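Colleague: I am new to this structure and would love a close look at one part of it. Could you pick a strand and walk me through its surroundings?

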Amino acid sequence: MFPDAEHLDDVSKHGGRLRSFRHERGNWASYVYAAFHPSEEFGEMLEELETVARKHGVVLTKMEELHISLSQTVVLRHHWIHPFVQSLRDRLSSGRRFLCVADQLKVYVNKEKTRTFLGLEVVRGHQQLLEVVSQVDKSLQEFNLETFYQNPSFHVSLAWCVGDVTKTFQGACLLELQKVVDEFEDCEVLTRFYADEIYCKCGNKVMSIPLH
C-alpha cells in the first residue's frame, strides 16, 4: 500500500481560515449539531448587525449555515462513520424535541485564536442541550474521541472574521449590536426555534436523527 499523500491546505479556498488538524485521505472531519433555519427577516437583522460591526472596524463574513454545535470537530476514519452514527441514533432517537431561544449576543474566539465569531447564546433550552451532549459524549468516548467542552456556552454563530478581535467588540460595540437584536421587529419570534433533529456531518455527508 502507498502512504497517503500529504494534503497542502490552500487557505485562499476558505477565507483565510486555518485547519486545526492536517487533512489526510480516509479521515473525515465530523461534528454533531442542532440546525437553526432562519427566516428572511432574520437575514435582515443579520445585515444590520454587520453594518454596526463595520462602523466599529470589524468586517464580518456570514456563516454558510446556522447551527448549535453539540460536539467539537473530531476526526473519524471512514469505516467508523456508520457505527458512530448508529451509536448516536441508539442514544438519541427516543429523545423529545425542545424549544430553544437564542437572543443574547456574545463574542467567541476559537482555540487557535485564528477566528472570532459573533453568536447568539441560548438562554432557553440550555439544560436539554446539556442532556443531548451527555449522550453524544458517550458515543465519542466509544471511539476514544475528544468530548465536548465543560460548561459550554451553547450558541448560534452568525458571522466571523479572521484573527482575535474580541477587544474591538467589547463595550460600546457589543451594546450597540445587542440593541439591534432587542429592538428588531419580531425579535422574540426570530430568535426561537425547536430542536427537533440532531445532525451529524462527516465531510460532505449529513445524517439526521429525528427527535419526537
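Modeller: Happy to! Let us begin with one pair of residues: Val101 has Arg192, in strand β8, as its bridge partner. Please keep in mind that this is a predicted model. Strand β8 covers residues 192–195, and its side chains alternate. Phe193 and Ala195 are buried and point to one face, while Arg192 and Tyr194 point to the other face and are not buried. That fits a general pattern: in a regular strand, side chains take turns between the two faces of the sheet. The partner strand of β8 here is β5, residues 98–109. The two run antiparallel, and 4 bridges join them.

Now for the wider setting. The chain has 212 residues, of which 42% count as buried, and it holds 6 helices and 10 strands. Among contacts between residues at least 6 apart in sequence, 79% join residues at least 24 apart.

For a look at helices too, take α2 (residues 81–92) and α3 (residues 126–142): they pack at an angle of about 145 degrees, with their axes 9 Å apart. The crossing of α2 past α3 is right-handed. On the α2 side, the residues in contact include Phe84 and Leu88; on the α3 side, Val132 and Val136 are among them. By type, the residues of this contact divide into 6 nonpolar, 3 polar and 3 charged.

A word on confidence to finish: the mean pLDDT of the chain is 90, and 89% of the residues reach 70 or more. Over residues 1–19, however, the pLDDT is below 50, and this stretch has 16 contacts in the model beyond near neighbours in sequence.

Conventions. Residues numbered from 1 in each chain as written. Predicted model: local features only at pLDDT ≥ 70, side-chain atom pairs only at ≥ 80, totals over all residues. Heavy atoms only, no water. pLDDT = per-residue confidence, 0-100. Contact = heavy atoms within 4.5 Å. Axes fitted to C-alpha atoms, helices over the stretch in contact; angles between N-to-C directions. Left-handed = near helix turned anticlockwise from the far one by under 90°. Nonpolar A, V, L, I, M, F, W, Y, C, P; charged D, E, K, R; others polar. Buried < 20%, exposed > 50% of the residue type's maximum accessible area, 1.4 Å probe, protein only. Pairing = 2+ DSSP bridges.
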